[in-house]
Structure formats: structure tokens, C-alpha cells
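Trainee: I'm new to this one and would like to learn how to read it. Can we take it feature by feature?

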Amino acid sequence: MSDRVLLATFEHEEDLLDAVREVRRAGHKILDAFTPYAVHGLDRAMGLRPSRLTWVCFICGMTGALGMLWFEYWVGALAWAVDVGGKPWNSLPSNVPVAFETAVLLAGFGSVFALLGVCRLFPGKQVRPLLERVTDDRFVLVLDQTDAQFSATQVEAMLRPFNLLELEERVVAAGGVE
Amino acid sequence: MATLRPTLITGGKVPADVTRDVCAPMERSPTALWWGAFLLASTALIVGVVAVTYQIAMGIGTWGLNRTVGWAFDITNFVFWVGIGHAGTLISAVLFLFRQKWRTSVNRSAEAMTLIAVVCAGLFPVIHMGRPWLAFWMAPYPNTRGSLWVNFKSPLLWDVFGISTYLLISAVFWYVGLLPDLATIRDRSKSPWRRRVAGILSLGWNGSARTWSRYETVYMLLAGLATPLVFSVHSIVSMDFATAVIPGWHTTIFPPYFVAGAIFSGLAMVLTLMIIGRKTMQLENYITVGHIESMCKLMLSMGCIVGLAYGTEFFIAAFSGNPYEQFVFLNRALGPFSWAYWTMVSCNVLVPQLLWFRFFRRNIAVVFVISIFVNIGMWFERFVIIVTSLHRDFLPSSWADYAPTSIEIATLAGSFGLFFTCFLLFCRFFPVIAMAEVKGVLEKPRRAPKQDSEQGDAA
Amino acid sequence: MQQRVITIALLIGLCFGLSLLASTMTNWRMPDNQQGYAPEQPIAYSHRLHAGELGIDCKFCHSAAELGRHAGIPSSDVCMKCHRYVTASYDVTQEKLRIADDEKKLLDEIEGKPEDQISAETMQALKDLQARADALKVPSSQLQKLYKFLALDEETMQPKEGATPQSIPWVRVHNLPDYACFNHQAHVAVGVTCQTCHGPVESMERVRQYATLSMGWCVNCHRDATRDGVNGHEVHAATDCTVCHH
Amino acid sequence: MTQLPDKSRTADAALHSLPVEQADASSPVSRRQFLEAAGFSLSLAAVSGCGRAPVETALPFPVQPAGVIPGQLQYFASTCAGCPTACGLLVGTRDGRPLKMEGLPEHPLSQGGLCAVGQALPIGLYDSHRLTGPLSAGESAEWATVDQEIIQVLGQIKEQRQAVRLVTPTITSPTLQAHVDAFLAQFENAKHIVLDAVSSSAILDAHEQTHSARVLPHYQLDKAQVLVSFGADFLGTWISPVEFTAAWSSRREPTEEHPQMSYHVQVESRMSLTGTNADTRFTIAPREQHLVLSRLAHEVASLAGRPLAVSPPLGGSLPDTEIASMARRLWEARGESLVLCDAQDVATQIVVNNLNHLLGAYGETLDVNRPSQQRQGNDRDLKQLIEELGADQVGALLVADVDLLHELAAQPALADAVRRVPLTISFAQREDEFASLAKFVCPDHHLLESWSDAEPISGLVSLAQPTLRPLGKTRSVLESLAAWSGQPATTYEALQQHWQQAIHPRRQAAAPAEFVEFWERALHDGFIEVAAVATTGGEFAAGAMEPPAQHSPSDDFSLLLYSKASMPDSRHAHNPWLQELPDPVSKVTWGNYVCVSSADAEKHSLEDGDIVKVSAGDGGSEIELPVLVQVGQHPGVLAIALAYGCKGTDRFAKVGPQWLESRPTVLENELVGKNAAGFVEFRDGARQYNRSGVTLTKTGRQRELATTQKYNSLEVPANIAPRGGLRRDVVQHTTLAAFAQDAHAGAPEQHHDNKTQLWPEDHPKSGHAWGMVVDLNKCTGCSACVVACQSENNIPVVGYDEVRRQREMHWMRIDRYYTGEGDAMLVDHQPMMCQHCDNAPCETVCPVLATVHSSEGLNEQVYNRCVGTRYCANNCPYKVRRFNWFKYEHDDSLQNLVLNPEVTVRSRGVMEKCSLCVQRIEAGKVKARSHGQPVADGAIQTACQQSCPANAIVFGDMNDTESKVHAAQENPRSYHVLEELNVRPSVSYLRVVKNREEKDRKGEPHIG
């Protein structure tokens, strides 16, 4: 099936923010909002819950650190214990730097790839921009028209005070507005 | 409720202007100035390539090294470039964590500079090997030697991990920051091929609020990771020397000393590039005198830390009562290489003191000259540390002199060639200013007033 | 449509390549691994025959193995210890024995019989045996090569006039890099068998490199030897670098 | 060929892919795609097959010689013929080629020592520049024809009663001497002229007068308690340095129980190797020698109660008090004291003989009944020959083993005179100056290729045996002479015959009566002692001592010509090892130079490398050489080394790496060094190696000297010396007096604790713990060990430019330090090699584990693992690591025969260093194990230790409490260099003890 959505375009982030609050107060379902830069407070306004990517990062980091520490111990003391300048077989201090670097490396790559994963970002992904300027200087609010007490005119009335530039209906294929 | 923002971007720019101004250099054909610079840089690069090829074909003997001075230009250049590479991450990560909004205009190019500098640095550990084609032996890979791994006790191996991690993380950091801008380019560019390339590179970025919120999180995480990383990397580099027995190397203050020095030199290089860049690319409104001044303040503080370190070294040597240690420092200041030592001191400690004065901080020409001096001085710092410590160590019988050969000088020139060639290409093909971030810190224009009823409802 | 064709083609190629890989997995080698190397030799000397069937001890020919670093390829005069007298190939000698037996049987039959009572068949059989004996080729082609290298006269086994003996250009099978030094004496002295490294040479017609001779292979053997000892008694097989690399 | 299976496999892949492509040939896109696919499969196929190493054939002996074990070193006793000293030699041959020269331990003279020249023999043998056959008028010819022509010409000469002259250096071989005499006996007017490059004929002449026998006494330094040497460099080059070093050092070993050692005074004009080792050293002008000696004689005589008639004039640069004390110590030790002098002036030598007579040295420390035959040069004959040649009175001139024209460069007309001689024959191994003029060149064998014998000391005969077949169609001098005297014989036959007739009858009671056994014993041992030839006279008859001539002081320089320990005579000029061996004193390689005293350098503002012109007063000979400012040289004295500027040494022009900024080892149409023999003059019947009235002028040009040591003092530059850190105690001293009181005297007070470790010691050395001790009190710095190491460990020759750049490759170097001033100056020689630290700084820093510690305490360097970061070298406190800056050439396939197969030849870009001869350690362990015994102490010897003439190096297992090395480490004199770093070296040094009163070191605090 296909959805009918309503795109409201604004010029300033504050307008978008206020509009979002207003719409949610009115109990309408917000599909998404599109902004040229990270608008502070928008996620809270839209009621998005904080990302769990921090955990991914932490787990990757720990894996890196512990894994490398163990590997270094295994190499230095178990696999082939070689006398290097009379240092102990397993010399922890000298193992720290490499372990740390590995931790950072895995944590960094882990979280970035997780981001690309959850946001479904990948090379060659086709985007049908709702509006050319959404990556330039326009702010777009996308509302779902399918719910019961929805009426375009009402919504327009609701949004006009926030310097609404234009309101557009669009039919998009199932699976979001991208 | 509306927070007051300082004027970071002058000229009353609105988001659309930002996009236009920043994309302009990419869209118009390169200026004669750019071509000139590019020609110069690439020539230097070619010279360097020839020199390195000759050296790899003939042997390390084509450098002026000897049985006593085993490192000189090679590792000096290495440490120098790694140092340069530190400012980028500092500006983008550390200042990000400290919520220094002014960073937004410079972080993109600073990060690019970091990447390129680290690449330049990474070359030297490889070409300084007697058998560079065996460089992969530094990697702990399973082998048929039963099974012989690598020496995790060697600071040089820490370097391998440190530098490569730093390179990769900075690259990711830079690229992630670039995503929204690439999307912008994709959406606005007329030429189909640029549209296509930007389309692929931007990974289908569409500015959705959900993506933005996760993006912010990850960016914060990366900043959080990059900050300790940047300190660890140069600490590790300093341990190449600090863990050695050679007097003048065997010093516990090296890690902070090196990190400060690295940031110092990095800022100087950023300044050099920014001052040229803002002129040639008409970005004065984005990289304002204010930006330059705040970087000058940072640089001054770093310069003072470095100066303090120089002093500390001497004090500790005197305090230690270790005659070898004491001799090395006396030899630095008064020995055969005193010229290098005093060049270093004057460039790194004396000259930057001018920056105490607001007048000089805000005088572009002066700042430019100072930044050049600092670059020179920081190169000599590494040279002094490496060569003067080595050339007269414990046994007087094996004291030796050092003088670079033409090959070494050409290699140094080549590394600068590589650096500037890459940077010029970056300026040509990438947005030198993080548009998405700058848009976020623009001064907000007047808003049309809203109906009171709304207000009332809201209240 | 076209896409599908391409994918099919690609798949075919892939499967083909993989199958090819699989087929060669058996003699899959790291670079420089010479395992299984079995070059042709100037003289088709058979270790199977000498060490295997005839059961000659390895150290009879490779006598230096006990005395020094190199086991040494025996000098040609070592061959001559036997082949001064044994000039025919193994099968030929066997055949000769068989003929001799048959001949003896027949002769026993006609023992003391007067001429006229000996059947024509028997005479014929004797003749045939004679013919077979004459047909046998002596000496063997391989031994002829040996005599040629040594510049010996095949009949008298004396050096030919004016000719100087030549070295036999054996092709090295087990060839370590110059920076690795293996000492046979050290290993033979503690009772490591030749087969441990060289494999079942006594069953090889043409000698083949049996082990990988990689550093790991050496080192692991040294570790095992130090742990388990060599046939019973304890040994200290060091894994210090300079044991092999100096 | 082994590639084939893989190739065929890839071919198949291409084949199978064809039909499929045709099936899909319709669309170009898919074709391209398809080809990618096909290419992919091919690449897989390619991966699946790996390359084989190139085929290598192994060539066994057709018929194996008895006793040869492939790859095993076999030793043959022989005699060194590098110089007339004839030391005992052990030739190590491997698979039929001589590789390593070692000292013959039982030899009565050299006592297991061997000098650098002996060590360097092999590379002289495998030299592609040696003549491979006879030359006739410069064209290579056949022996038969050459012999024919020579015999014919000799025949004419015999008829015409023309003079035949045979010039050789001192011949110690009795057999050769006999054949020379036999050959010359054919002619009515024939003479054998002995030409020593550095002659001692004045000593022989003096003894002719005082002992009515023209002999060179056998100096027995091991019996000398007090030793005064006037310019005689007996530890370096004088007569029999190896023997003297062994003897001298045997008296330099004070122990806690017996704190005694010999007292050695050196009075000389330049800084000689012997001077650097003396307890007390005075410098005088060369021409003062006679004066000072006379005054010493005067003092001694009056002590002896037999005052001399005429008392010598006063003056001179040596104060009376010193002479008096010298005389006193000599007299007190009479019978155990000895005076040596290198003067080529008979009058002076007569004074010396009188002195030694007064001191009762004859019969004790001097032996004229079993005289030395190591120097027989007769300069009067030589002078006569030159005159004859000038007057065209010579019909045939034969020259063996010496370059007549090079040594007699002072006679410019000589070359033409030689050209005019009807028959000139040279036996030179390489085309030297005389050979290039000679009508015939009949090249001699290399000494490792031929039989020979020697009698260095009357009564000690030794044999030299060939260790490989001659590489070229050369022929020994003896055979040539025999052939031309009409009774051809091989050297072997000749030897046996002569020994049977002349040597065997002189056998001692103990020796076998059967000649065959006698011969075999000699052959096995390398030498055998027989009765000395009775010398006529030998009784002392005090020759009249003429009073020394008064010299008017002048500003002119006096020039000293000397020979270097590293290049004693021109026969070795083609030896790259010796050319690159640093001179023990100056540390300069590749060429000679003018040594100028510091005072003169200051006066004429000269620096190292300034090229100056030195010209003799007569305006005759002059020479242009770079300057070396030599401390401890007497003001107004110049010194130049002989044996340089030899013909053909321009072959070294391209030695070492050639690259953009490299400088040639030999400049355009020049040679290695310059020939200074032109300054040698004939005066009162002897060739004089010093002359006065020499002028020096600056040319303003420069040629940097290739020295291996740039900074020469233990004291850091005073202007940048930290308080209390002026002197570095890497070499520790004490005096005999102090040592007698406290055996630990001289040890700097400890500021450090090297007992406690930072981390747990979890590296037990359960098995062996190899260690070395170097006795600095015995080491003379002669540098034999340097070449021994070079020959054992395949160390490349790198050439002038690399040495100049401080990139010499010697694993073992000898650091030489000057400290103090004037007479109080101390000179130290410190052999420095890898110290094999247990806490090795180099190991920690190597990223690829290319240098690690062995379970036996060795610091291992694994060349094939090294990637060449040079981090280890930077971090080595002793700077003993050597880096292969270039691919040092091994292109000369003949010269490559000198390489030791037991040691890897290092490739470009890898680090290397002393391994304590680990190949010998491993071999020794295997040997012991295969006999089921533990490694015996002394069974394993390092190359440097084996050949050390002074016996200064001890090596062994420190875990073995019975071992010598353990004992040496317990010695109170033992210390570690840079002990305060706590790197825990396995190499220790024994403190220097000087038999002198302290004059320097004024309470200067030391590092430590």
C-alpha cells in the first residue's frame, strides 16, 4: 500500500522546533523532519529516544583492549617466550600502549559502522530528496495523513503561525519518505 | 529561551550564502594562483619521489648517517609531520568537547591537514628502513616461523599501531564530518559526474532528524575517542626516545613535552594554511580575525609550555648529577650543533612571545610570519633532540659528526611537496569549511513575531 | 535479462576458479616452500633399491653425517665400492640367476644321458636360455653413466688414458637458504633418525623433499625434543636464534 | 622446469573458459564482465601454484681425498712468510681451501700469536690481480720457452764472466738459501744481496765490530725486567713484533700475590705503538739518540765503577735526572735489563752494545750464540750494487720478493740503469715497478701454495706446507733457480733433500733418529728444534765509542720514515684488509700521511687533512701528503710511513660503494698513499730512515683522512665539560705502587647500585654463560684481532669514503685514547666489541625480534630477520653495531673464496655486530656433544682471542667456576665499561697498571 504524507517547509530552525512541538501537542503523528544541519533540541521535541550507539562503542573498545592485552601476553610469555633485554616475559607496562590503540581503533570503527548500519547509509544508496534545498537551507516536517482525525486544512491552520513557507501533499511508497 | 550566540561568522550570512560561498571554489575553475601553487608543490613532490627511489635503489648509505648517528632527517621529519598532524584532531575533537564553537570554520581543513600530515609522517618510518620491502614484518601476522611474532616491548612497534590507528580514526572522523556537506554538494551540483560521485560518497545522506540525532552521538563519541588518541600518539612517539638509554633521550618529561610541541607546530601550520586559504578562497567572513586570534592564544600557551620543557630538561640534567646527562645538554647549547639549538629556542620560545600583544595577534601579516618561524623552530627541535643526543654519547671514541646529503634534503622537500599537493587538491575538490556546522552557528536573523494567543497557549 | 547472463557467467567463472583452487589445495604451499620437490637426477639412482630392498645403511654412503655439518653427497668412488663388481642392473642380475637355475635344472635332467637320448626340445630350451642370457644388457645404462663420469673403462674398470674423472652434477633436493645452518652431526649424535627430516627415503625411487623445512617445522621439532626427549634419553634442543642463524 | 605443472594449470583455466564466452558473445558488456570473471579464475589458478627456487647442483668429489670431511675445518701447521719473522702458523682449510690463519700455540717464538699481516694472508691468496704465469718481455709465455731463453742468456753471461746479482729480502729459509748459493756458484762473479725494506744492518755491523760476528742477537724480552728502548718499535714492527709482544706481555701481569711487572721506558721521536704502551715515555729529536745513549752509557759505566774515558757533552732534551734514574733502574736490574735501539748508525749501535755489555745483558736477555736471522739486510752490498748498476757492470739482475725500484726510489737513475741490464728477472707475484721493466717475470707462488721452510732463530727450523694447488701457473723461486742451475727439482724434493743433509744431522737427542719420523714430526708440529749453527766469535770486544757529533740547532724539520704495524712492507700493498686496517696509533686507513707534532701544527697552523709538501734539503726528493697532527711527537719532527704508493694500488679506486656523493678511494692517476722511500739516504754504510734539513710547505689543498676515530681523549672538551664530568673512566688506570697496596686501586667510587633489578629476573642461564675478559694491561693495540675477526666473520671492505663517513664495518675496533700532556701522557688501547649485555638496550627496541638474548647469555643478531631500523645501534651505549649502508660488493668470484661458509654474508640494509664467534661456539658444543662430553674450558676460542699475540683476551663459560674467564672476572682489576648503566655486560676489562709514579690526574673527579 502507499502512504499520503504532508510536507511542511520552514525557513528557520526555531519555526520547525515550535511547529514540531505544536503538532505533537495536537497529537498528530510526525513521520520525520529533515534539516540542513543538526538542530539542537529537535530530537527531544520529536520525542526520539537517545541512541544506544554508545554501548556499541563501549563494547567494541573493551573487546579491543582486552583482546590485545591477552594477545600480547600470549605472544610474549606463551607462544614463544624470547628474552628481550632481560625484560620479564609478560611486561604489562609495555603492553598498554598497543592495547589502548587497538581499543580506540575498534571503538571508533565499531560505532561508525553501527551508525551507517542503523541509518541504512551505504554507497550507491538512491535518495529521492523531498526538496532540493533540504540539504541547503530548508527545514521540512513530514506528517502522516493516514491517521483518523487528520485534516489538511486544520494542520495548515496549525502551522501557519510558524512562518510556514509551503505545504505539500505527496504520495510515497510504503517504507518511509526517503 | 533563545540563547545568545557570539558573532562567529561576519557579513550577516544566511545558510544559503554559506552553501554558495563554500561551494564556490569547487564550482569555479581554479585560479592562476592555485595552479602556480600546485605546480610548485608537485615539482617538490617529484623531486622527493626521485630522491626516495634513488635511496631505496642504492641503500640508506645515500643519507649522511653513520655508525653513531643512525637517525637524523628521517625521524626528524617523521616526528615533525606527526606533530603537524595533531592540531587537526585537537581543533575538531578537543575543542568540540569544550564546546568551542569557533572551531567550526577551521576544523574541516585542519582535519584534512591532519590526514595529509600523518600520511607524510607515515612514509618516513618505512623509507628509513634498511629493507623497506620487509616493512610488513612489523605486523603481527601468523607465519611459518614457528610462530615468531613481533616485539611488543619495542616503542617502534607502538608507533606502528599508534600512527596507523591515528590515521584511520582521523580519516573516519573527517569523513563522517564530511557526510552532510557531500549531500549538499550532491543536491546542488549541476554537473552529472560530480552529482554521481558526491551521491556515492554521501552514502545517501538525507538530513533526516533521526539520522542527525544518531550522527551527533557518534560524532561526540569519535571526539571522545580522538582526544585521548591524539595525546597517546605523540606520547608514544616521544617514548621512542624516552625509553632509550641515550642521554638527552632518556627523559621522563618527553610525553607532555612532545604533545605540547606537536599541538604547537600543528597550530602554526593550520594558521599558515588558513591565512593563505581565507585570502585565496575569499573566506574572510568565515575565518575571521577572531578565529586567528583565538588560535594565536592557543599557540602562545603551547609555546610557553614548550619553553618550560626546554628549561626543565636543563634543570633536571643539572639536578640529576649525572655527568653524561649534563654533558649532553651543555653540548647542545655550546657544542657543534649549538646553531641548531639556538635556532630552535629563538623560533619556538622568543618569537611567539609577541603574541602576548593583541595588536600582533590581530595583525594577519605578523601572525603569518610567526607561524612560519614556529614551523621552522619545531622542525629544528626534533633535529636537535635526535642528532645532538646521538652524535656524542657515552664513549668518546665513537663520537661522530653529521651532515645531510642532497638526497636527504630532497626527501624533506618532497615531503612538503606531498603535503601541499594533497592539500591543494583537497581545497579544490572538497568543502574547506564544514557547512552543516557553520550553518548551525550562524547568527539568527529576526523572526516574524508570533500571535500572542499561541504564546498564551504555550504558557 | 542481460544482468542475469552476466551473473551466471561470473558464477561459472567463480566456481571454476574455486574448483581449480580446491584441486590444487593438496600441494598448497607458502612461497619458498619446496616440499615435494623431486628433481630429475643425472643418474637415476634409486634409494628404494639400495636403502630399501638391499637395506644399505644411510650412513654407509652419507658417512659425513656423523662427522660434520653436511651429510655430504657421497663421492663417486663410494659407488665403485660395489659397482666395480656389480655392473648390471638389479632386474638383470635377478634374471640371470633365474636363467642359471633353469639351465641347471635342464642340465641335471640330461645328466649322464647319451647325446642321442636328449630330446630336441631340451636342446632347444638350452639354446633359448643361452639366447636370453646373451640378450641381457650388461652393464646397466645408469651404471654406464657412472663409469663415464669416472672415466673408467667398462671392461677393465681401469681409468681411461688421458681422461680425468668428473663430478656428478647431482641436483640438490634439500636446500636450505644460506642464512640457515643445519648441522647433521648434532642431530645424528643424539640419535635423530634420517627419516625424521628426509622421510621414508628407502621407499623413494627418486628422492623427494619430504618436509617443509620451514623454520616453524624446525622449531616445533626442537620444542618437542626438549619436552619429550629423543628416543628415550633427554636432550636440550635449544630454540636460540643463533643455533641455526649465524 | 619445476614451474611447468603450475603453468599448465593456468593454461587449462584459459582453455575451459572459451566456449562459455562464445555462448555469451552477443553483448559486449557481458563479454567484458565475463573476461573479468575469467581473469578472476585465472588469478586463482596463479595463486594456487607457487614458484620454486632456482635449481642448484651439488658436485661431490669424484674420488674423495682421505680425511676430508665436507664442511669441516682442518688445520695444518705451517710457517708464516708474511715477513722474515717466520711465526708459527695454523692454516685452517675447509673443503680444500685455506680460510683462516691462526697462530701456532706451541711455537716457541710466536706462542700462538699471529699479527694482522698473517691474518690477512687469505685475501692476498684469492687475488685476481696476481700473475697467473710467466711473462717474457711483458707478454705471457710458457715456462718451457722462458726457461730455455733464460738458460741460454745465462750461458752467455757465464762465458762473458759478467756479474750476476740476486736481490732478495732476508731469506730465513735454509733450503732456499742453499739453492740460491748453489745457483750463484755457477758464476764467477755472482752475489746475493739482501735488501730489507726496513733494514737493521747497523745492528749487525755493530756486532761485527764488538763481537766479531755479523749477527743480529736474539732479544729475549721475556727475561727483561727493565727495558729501555730508543725508538725501537718492537711491539709494532721492529724485527719480530709478535714474539716480542708475547714476551713483553708475559711480564705485564701483576697479581695480588705478586704485584710485580716489568719497567718499560721508551725514548723516541714519534708516537710509536711501543711508545703508547711504555710505562714512561720521553721524546727526543732523532739526532739526539747517540748523545742520550752515550750519556746513559756514561751513567751506567760510572755505576758499574768503570767510568768511561771521555764524558759525553751535555744538552739535549732529556734532563740528566731522568737519564740518571734510567741508568739506576737499568743497573739495579742488571742481568735482567736490556737496551734496544733502532738506529741505523753503527756508532750509536756500538754504544748500545757497550751498554748491554755493562748491564750483563749478553747471555741473559741477549743471545748472540743462537742469533736471530730475521734481519740480514746488508746495506753496504746494496750501495755497491747501485754503483755497479750505474756503471753497467751487471750482466744479470734477479729480484725476488721485493720491489727493487720501489724501495730504492731515492736513486732516480736506477730505472734506466736496470733497463740497460742484459738480463733482468723478477719473481714478483704482481707486476710491481721492477717487474714492469724486467725482461722476464717468473711469478712466485703465494706462500700458501708452496712448500718452504724457515730458520728464524738459529736452531729453530720450521716447515711451511702448501694448503691448496697453485691457482695460477706460478712456480716457486727455488724451482726456478733449480731449473736454471741445470738440476730441476720440485720444492718438496729439494726440501727433503736439504733437510736430510743439513737439518736432520743437527737433530737433538730427543728428536727421532729416523729421518722420515723426524720429517713427519716437523711437518705435524710445524717446527722442530735442532742444534744452533756455531757462530764464529761472539766474545765481546769493547769497540771504541766515538763521542756523538754536536748538532747545530736549526728550524728545519727532521724527517722520520717508519713502517706501520698495519702495513709493514710494500709486499702487502695489494691487501685490502690491511689497507683498511686502522693504524694502531693514528687510526687512519687507506694511505700514509705526514705526522706533525702538535706544537709545529700550531706554529704553521696546520690541521688534519691539509696537504703539505715535504722536501729534502738537497732539493732532490719531495712528496705531497695530507697532515696528521700527532700528539706525543717531538717538536721539529715529521714522520711518514713507508710501504705506500705501490704500483698497481690504483686498483682500489673503485673499492667500496659508488654513488652520487661518494669520493674515490684512490684519486685520478694516483695510488694508495705515496712512496716515501725516496727520502731514504745512504749514510755511513747503512740506509738511514731519518734525515734532517727537511722543509715543509702548505699547498692549501685538502684531503680528509679516513680515520675510524674522530675524538681522541677520555676527557670531554673542557669548555663544555660539566663539573666533575671532565673525564670518562671507560679505561681505568692505577699505578703499580697503588696496586701493591690495594688491588682494587683505580676503581672510581660507585655512585650506583647495580645489584637490584627493576623487574624480577626470570631469565636463568642454566647452561652456559659465555663471557670474555680483556686484559687492558697486556693489550698493546696491535690490531691483529681486528683482521682475525674480519677474516672469520666475512666483514666487507668498504673503502676510503665509507671509513671517512664513520661507517667502517669492523666488528672489533680498538679505541685509542690520549690523556694528559707531554711525558705524563697516558695512551690507552681498548678493544671494543659487542658487550653482550644481559639487559641489552638494543634488544628491547627492535620491533621485529631481530636481536634477542640467547639462553646462554649471547646477544644474538639475526641478519635474515633484520629490517634495518637502526634503532638498536642508536640505543647501544658502546656503539658497536655496524649497519650495511650499501650492498658491499662480493662480485669478484675468486675473492669470494675467502668467505667463511659458517657465517652468513650480510645483505644490504641489515645490522650486524660481534657475535662472540657464535659459529665457533655452536661447532664446539656439537663436537663436545657428539663425544658425549661437556664443553672443556678453552676448547672454544674466539677468532680474536686465538690470535692475540699478547694473550690479552680470555673467553669461556662464566658458569664454569673452574674456567679461566671466571677466574679473570674474579680478578680485582676486572671492571665493566659503563657499569653504572646496569646493562650487565658479559665482557669485562682488566684495569691498566702502569709501572710509574702518577704525574697526571690531579685529583680530577671522575664519572662513575
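Trainee: Which residue forms a salt bridge with Asp393(B)?

Mentor: That's Lys879(D), and the closest N and O atoms of the pair are 2.9 Å apart. Keep in mind that this is a predicted model, so such pairs count only at pLDDT 80 or more.

Trainee: How many salt bridges are there between chain B and chain D?

Mentor: The count for these two chains is three.

Trainee: And how do I read the size of an interface?

Mentor: People often quote the accessible area that is lost when the parts come together. Here, chain B and chain D bury about 5200 Å² between them, and 59% of that is on carbon and sulfur atoms. The contact draws 66 residues from chain B and 65 residues from chain D.

Trainee: What ipTM does the predictor give the complex?

Mentor: It's 0.88, alongside a pTM of 0.89. For chain D, the mean pLDDT is 86, with 92% of its residues at 70 or more.

Trainee: Where in chain D does pLDDT stay under 50?

Mentor: Look at residues 1-51 of chain D, where the model has 57 contacts beyond four places in sequence. Residues 999-1008 of chain D also stay under 50, with 29 such contacts.

Trainee: Now chain A. Is Trp55(A) buried or exposed?

Mentor: Trp55(A) counts as exposed because its relative accessible area is 56%, over the 50% cut-off. You'll find Trp55(A) in helix 3 of chain A, residues 53-79. Together with Phe58(A), Ile59(A), Met62(A) and Leu66(A), Trp55(A) forms a nonpolar surface patch with about 560 Å² of accessible area.

Key:
Residues are numbered from 1 along each chain as its sequence is written. Chains are lettered from A and ligands numbered from 1 in the order in which they are written. This is a predicted model: local features need pLDDT of at least 70, side-chain atom pairs count only at pLDDT 80 or more; totals for chains, interfaces and linings use all residues. Side-chain values use heavy atoms; hydrogens and water are left out. Patches are made of residues with over 30% relative accessible area and no salt bridge: like charges are joined within 9 Å, nonpolar side chains (Val, Leu, Ile, Met, Phe, Trp, Tyr) within 5 Å. Accessible areas come from the Shrake-Rupley method with a 1.4 Å probe; for residues, only the protein chains shown count as cover. A salt bridge is a side-chain nitrogen of Lys or Arg within 4 Å of a carboxyl oxygen of Asp or Glu. Helices (H or I, at least four residues) and strands (E, at least two) are DSSP runs, numbered from the N terminus. Buried means under 20% relative accessible area, exposed over 50%, partly exposed in between (1.4 Å probe, protein chains only). pLDDT is the predictor's confidence in each residue, from 0 to 100. Contact means heavy atoms within 4.5 Å. Buried area is the accessible area (1.4 Å probe) that two parts lose on being put together, summed over both.
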